[in-house]
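Please read the following report alongside the sequence and the three-dimensional view. It is written for a reader who works at the bench and wants the main structural features set out in order.

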Amino acid sequence: MFAPPTKRRLFKTPFLRLRVDEDYRVRHATSKLQSDQDHGDGSVKYVLSGEGAGTIFVIDENNGDLHATRRLDREEKAFYILKATVVNKWTGQKLEPETEFIIKLHDINDNEPKFSKEVYTASVPERSDIGTSVTQVTATDADDRMYGNSAKLVYSISQGHPYFSVEPNTGVIRTALGPGDMDREQREHYQVVIEAKDMGGQRGGLTGSTVVKITLTDVNDNPPRFTQSIYQFRVPESSKSGSIVGRIQATDKDIGKNSEMDFTIISGDGMEMFDISTDKETQEGLITVRKPLDYEKKPSYTIELQVQNTQEYVRFMSSGPKDMATVRLAVDDVDEPPVFEKASYLYEVKEDVAVGTVVGSVSAMDPDRARSIVNYSIDRRTDRGHLFNVYPMNGSVFLLKSLDRETTAWHNISIVATELNNPRQSSSVSVYIRLLDINDNAPMFATVYETFVCEKTKVGQRIQIVSAVDADEPSSGHKFSFSLAPKGTHHRNFSIRDNGDNTAGILTGQATYSRLHKSVYLVPVVITDDGYPMQSSTGTLTVRVCTCDHEGNMELCNPEALSSSPGLSTGALIAILLCVIILLLVVVLVTALKHQRKQEPLIISKEDVRDNVVSYNDEGGGEEDTQAFDIGALRHPAAAAALDEGAKQRRDIIPTDTLLYPTVHHPAPAPSTLLMPPISMAARDNGDVCEFINQRVMENDCNPTAPPYDSLATYAYEGAGSVAESLSSLGSASSEAEQDYNYLSDWGPRFRKLADLYGAEDSDF
């Protein structure tokens, strides 16, 4: 299998080819290279370079033997290009130029055929002819096609007989049985195993295989069949049109569109009363009511049904493509409401008909065999004005109130018929009443007419065109005539001309008018229609006398003529007044807000808490203030003792109990004291003060209502915004060292006196 080593003198030619089997073993001598410069004295060194040199191929540098270091694979790389040369082993000098040679690998059959897919899926219609193509499989072999039969493949089927076959050279799978044997309803899925063998299928070749899953697709080869030959249903006679009576089931072995069915009624006495359609979801036949049923007229029906496929494909059908069935329908009697003779009623009546006149009548009857008596009534929701009523027994509709066509030309009311024995059974019918017009309205001016006439004009000058309207609607249309009222002086001043088209022109009767003599004329115009009875009315045209220019344009009229000039309405005046009041309120509110002063709180920070902080709004008077406290009370205790007992109580507490100990009163001095030597005024004052204080201390010690502590008022907060910040001694330094008080001069004029005192030199004191 391996080519023996060959000895080649490569360096005589510049290019060589070597052929080596691809499955060459490691370290097996591939070939031998020898140079003419190699005399066998060991001075020559062989050097190899190129593809795979040193890794795949190595050369013995002493004798030129070429070796492969690992197994070679042609499918990985078919050939290698190498270069060899010889150098002097001692000096490294090239002895001959490089020689290029190619090592080409010979192919061996070491790869099995492989299919493009591990699993193929295919389909073919059922009942196909023999030899119908199903699909084609393809395998490839990595071996060399140009060398031997290693890549020549032959296909065969190992599983799937006798239903399918495969062409050996192309891999095309075909059906092997006839239409009668390939029936989807018998077997739908097949699994076929195809093999591909190289070496042309000869012994020793390698084999690959794949699986082909083949599905038979459905064709319409089975007709639908009814599950029963006779169906029976019951239907109430009160069933509405379109209501479902029953479902007809039929089966079809085919699937998909081939199983879709179409139901039809082909005969029977119920063809006009019932319909049948196909439910697209369940493929069932739905029998529905087509026309209203009446048990009293016909209690039962029979129809013949036919079912067939919507898709026509009858090539393989062994029996008829259609199926027939009979359906018997029994109508059940139910208590039905009364039925009116007509679906609706229409009556016409003149608008001046008298109250109590019968407009028309309706009629209804019980369709059941019992023939219950029917009572009639009006649905008052359709006659809220109570204009009509109906006689309960005969259904005659009559008037309760007079009618007016001009107010309402049509009246639509509903008459209800109710069975006397079963009031729950009732029905209604619409009655339309049209009012016919009579000539009961007089014509009148279409609008309020007001015009003017110039003081100087000409006789017969048209100053206004008037028209009329009438609420009546005569069938031949309106025809109005116009004339001036027969009485009055207006005939001398104005005249009227009927235009014959329901309009008339007002003309001047003289050439001059005096605005000072009479400024306004009221011209009465009589309007008459041609109806029966004839109706007429009188309309008044207001004509004002004005001064005009030479072209007839109005220049000046009396003040009455300008009364219609635009001006401010009452609503506009009220709106303006409200705006003024609101503006005044806003001004007052802004002024009040400006005069309001915000008082800054004494303590701004919530953490700055002090006890018994008293806020004085007035600055104290200092030493000159003699009204703050009367020191005389301390200097004259006798006078203080004469004060009311309540004045001795503390003002900061409210006594709850009377004193347990009486107030101590010292007796008056004995006469002998008058003989004592005189005492200075200062000593006497000091004694009085001491005695007064001791007395007050004793009173407070004996008073159970007084608190057991003194009231301490701490005034250690200067206030926000002060340049001096706090003057409290709590935060000041305890050192007695000399301090510099010159900074007091920076605190402003309020602290100027203090700065002068503390800023002075010690010598000044």
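The report below moves from the whole chain to its disulfides, a helical segment and several individual residues.

## Overall architecture

The structure discussed here is a predicted model, and every value given for it is to be read in that light. The protein has 765 residues, of which 33% count as buried, and its secondary structure comes to six helices and 44 strands.

About 48,700 Å² of the protein is exposed, with carbon and sulfur atoms supplying 52% of that area. Among contacts with a separation of 6 or more, 66% are between residues that stand 24 or more positions apart in the sequence.

## The two disulfides

How many disulfides does a search of the whole structure find? The search finds two, and when the bonded cysteines are counted along the chain, the disulfides follow the pattern 1-3, 2-4. A disulfide, in general terms, is a covalent bond between the sulfur atoms of two cysteines.

One of the disulfides joins Cys454 to Cys548, with an S to S distance of 2.1 Å. Because Cys454 belongs to strand E37 (residues 450-454) and Cys548 to strand E43 (residues 536-548), this pair ties together parts that are 94 residues apart in sequence. The link between Cys454 and Cys548 is left-handed, with -90° about the S-S bond. Cys454 is buried at a relative accessible area of 12%, and Cys548 is likewise buried, at 19%, where the cut-off for a buried residue is under 20%.

The other disulfide joins Cys546 to Cys557, and here the S to S distance is 1.6 Å. This pair links Cys546 in strand E43 with Cys557 in strand E44 (residues 554-557), positions that are 11 residues apart. The torsion about the S-S bond of Cys546 and Cys557 is about 105°, so this disulfide is right-handed. Both Cys546 and Cys557 are buried. Strand E43 thus holds Cys548 as well as Cys546.

## The annotated helical segment

The UniProt record, an unreviewed entry, places the feature "transmembrane region" at residues 572-593. In the model, the span of residues 572-593 is 100% helix and 0% strand, and its end C-alpha atoms lie 32 Å apart.

Which residues form a nonpolar patch on the surface? The patch is made up of Ile574, Leu577, Leu578, Ile581 and Leu585, which together have about 490 Å² of accessible area. Ile581 sits in helix H2 (residues 570-595), and its relative accessibility of 41% places Ile581 among the partly exposed residues. Cys579, by contrast with the disulfide-bonded Cys546 and Cys557, which are both buried, is exposed, with a relative accessible area of 52%.

## Surroundings of Gln136

Gln136 is located in strand E11 (residues 133-136), and with a relative accessible area of 44% it is partly exposed. When neighbours within four places in sequence are left aside, Gln136 is in contact with Tyr120, Thr170, Gly171 and Val172. Gln136 and Val212, although 76 residues apart in sequence, have C-alpha atoms 9.7 Å apart in space.

## Backbone features in loops

Where in the chain are cis peptide bonds to be found? One joins His161 and Pro162, with omega of about -5°, and Pro162 lies in the loop between strand E13 (154-159) and strand E14 (164-166). Another cis peptide bond runs from Tyr532 to Pro533, with omega near -10°, and Pro533 belongs to the loop between strand E42 (520-528) and strand E43.

Positive phi values are found in Met199 and in Asn502, neither of which is a glycine. For Met199 phi is about 60°, and this residue is placed in the loop between strand E16 (189-197) and strand E17 (207-217). For Asn502 phi is near 70°, and Asn502 is placed in the loop between strand E40 (494-498) and strand E41 (503-508). Are these two residues buried or exposed to some degree? Met199 counts as partly exposed because its relative accessibility is 23%, whereas Asn502, at 19%, counts as buried.

Conventions:
Residues numbered from 1 in each chain as written. Predicted model: local features only at pLDDT ≥ 70, side-chain atom pairs only at ≥ 80, totals over all residues. Heavy atoms only, no water. Patch = residues over 30% accessible without salt bridge, like charges linked within 9 Å, V, L, I, M, F, W, Y side chains within 5 Å. Areas by Shrake-Rupley, 256 points an atom, 1.4 Å probe, with all protein chains shown as cover. Salt bridge = Lys/Arg side-chain N within 4 Å of Asp/Glu carboxyl O. Helix = DSSP H or I, 4+ residues; strand = E, 2+ residues; numbered from the N terminus. Buried < 20%, exposed > 50% of the residue type's maximum accessible area, 1.4 Å probe, protein only. UniProt positions renumbered as here; feature names shortened; annotations may be inferred. Contact = heavy atoms within 4.5 Å. Disulfide = S-S within 2.5 Å.
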